[in-house]
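Welcome! Take a moment to turn the structure around on your screen, and then we will walk through it together.

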Amino acid sequence: MLDEIRLKLAPFDARLVAVSKTHPASEILKLYGAAQRIFGENRVHELLEKQAGLPADIEWHLIGHLQTNKARQIAPFVSLIHSMDSLKLLQAVDSEAVKCDRVIDCLLQFHIAEEESKFGFSENEAVEMLQSLQFLALKNVRVCGVMGMATYTEDRAQVRKEFRELKGVFDRLKARFFSEKPFFKEISMGMSGDFEIALEEGATLVRIGSLLFGAR
Ligand SMILES: *Cc1c(COP(=O)(O)O)cnc(C)c1O
């Protein structure tokens, strides 16, 4: 399955985040043996346990909600946080990053699905934040792009519309705030059921779990 996914990603120049949540380290090592290096987890506790016992050159991505009081634990090693959903969280990660003498890459999570969700910015909220002095004061977090999850539905047109919306948000933020920041380039969207649509709509990172590891 890894090879099939790689073939589908190749023409788009997109990268695969192998979402290993709930699956044991042994399963991660199988993909590691096939040269997969980016793994995503959605819970801090599980991420810490796995990181401690697995090869040091794995790039760990946090893809689930992060509580401010847990930023300290992942700050020393996390390579990308997909799920930044408030200024408060960016500030917490920034101050932990300072203590580790690191700059931590992150994505702003947007709420694009129809489903109710507590997490994710609206475009207006993000614009307001990006203009704020508090945001401009942050030196040890680097906003590299956007992330979103489409509605869980069979309606492919709906999913496509939501991915297109996220790409639109990315393009507008890029033009307005990041035009001279080449690192602002990531669009994290697409999971096992919809990553092909996400690729067509501009994803640079797809987050795939069950298709790689089996059902949870
Ligand atoms: C679990 C999860 C995924 C992967 O989902 P699959 O349907 O198993 O591919 C992607 N993104 C997030 C945020 C997740 O929590």
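**Around the ligand**

One oxygen atom of the ligand lies 2.8 Å from a polar backbone atom of Ser-210. Keep in mind as you look that this is a predicted model. Right beside Ser-210 in the numbering, Gly-209 also takes part: a backbone N or O atom of Gly-209 is 2.8 Å from an oxygen atom of the ligand. Arg-216 uses its side chain instead, placing a polar atom 2.8 Å from a ligand oxygen. On its own the ligand would expose 380 Å², and the protein buries 90% of that area.

Where does the ligand sit? You will find it in the largest pocket. The residues around the ligand include Val-19, Lys-21, Ile-63, Met-147, Met-149 and Met-191, and also Ser-192, Arg-207 and Ile-208. Gly-209, Ser-210 and Arg-216 belong to this group too. Sorted by character, the shell has 6 nonpolar, 3 polar and 3 charged residues.

Now let us leave the ligand and look at the protein as a whole. How many salt bridges does a search of the whole structure find? The search turns up 15. One of them joins Glu-196 and Lys-8, whose closest N and O atoms are 2.7 Å apart. Glu-196 lies in helix H9 (residues 195-200), while Lys-8 lies in helix H1 (residues 2-9), so this pair ties together parts that are 188 residues apart in sequence. Try finding both helices on your screen and tracing the link between Glu-196 and Lys-8.

Terms used. Residues are numbered from 1 along each chain as its sequence is written. This is a predicted model: local features need pLDDT of at least 70, side-chain atom pairs count only at pLDDT 80 or more; totals for chains, interfaces and linings use all residues. Side-chain values use heavy atoms; hydrogens and water are left out. A residue is near a molecule or strand if one of its heavy atoms lies within 4 Å of it. A polar contact is a pair of N or O atoms within 3.5 Å; within protein, one must be able to donate a hydrogen and the other to accept it, and residues adjacent in sequence count only if both atoms are side-chain atoms. Accessible areas come from the Shrake-Rupley method with a 1.4 Å probe; for residues, only the protein chains shown count as cover. On a 1 Å grid over the protein atoms alone, a cavity is a set of points where a 1.4 Å probe fits but cannot get out, and a pocket is an open set with protein on both sides within 12 Å along at least five of seven lines; lining residues have an atom within 4 Å of a point. A molecule sits in a cavity or pocket if more than half of its atoms lie within 2 Å of its grid points. Ala, Val, Leu, Ile, Met, Phe, Trp, Tyr, Cys and Pro count as nonpolar, Asp, Glu, Lys and Arg as charged, and the others, Gly among them, as polar. A salt bridge is a side-chain nitrogen of Lys or Arg within 4 Å of a carboxyl oxygen of Asp or Glu. Helices (H or I, at least four residues) and strands (E, at least two) are DSSP runs, numbered from the N terminus.
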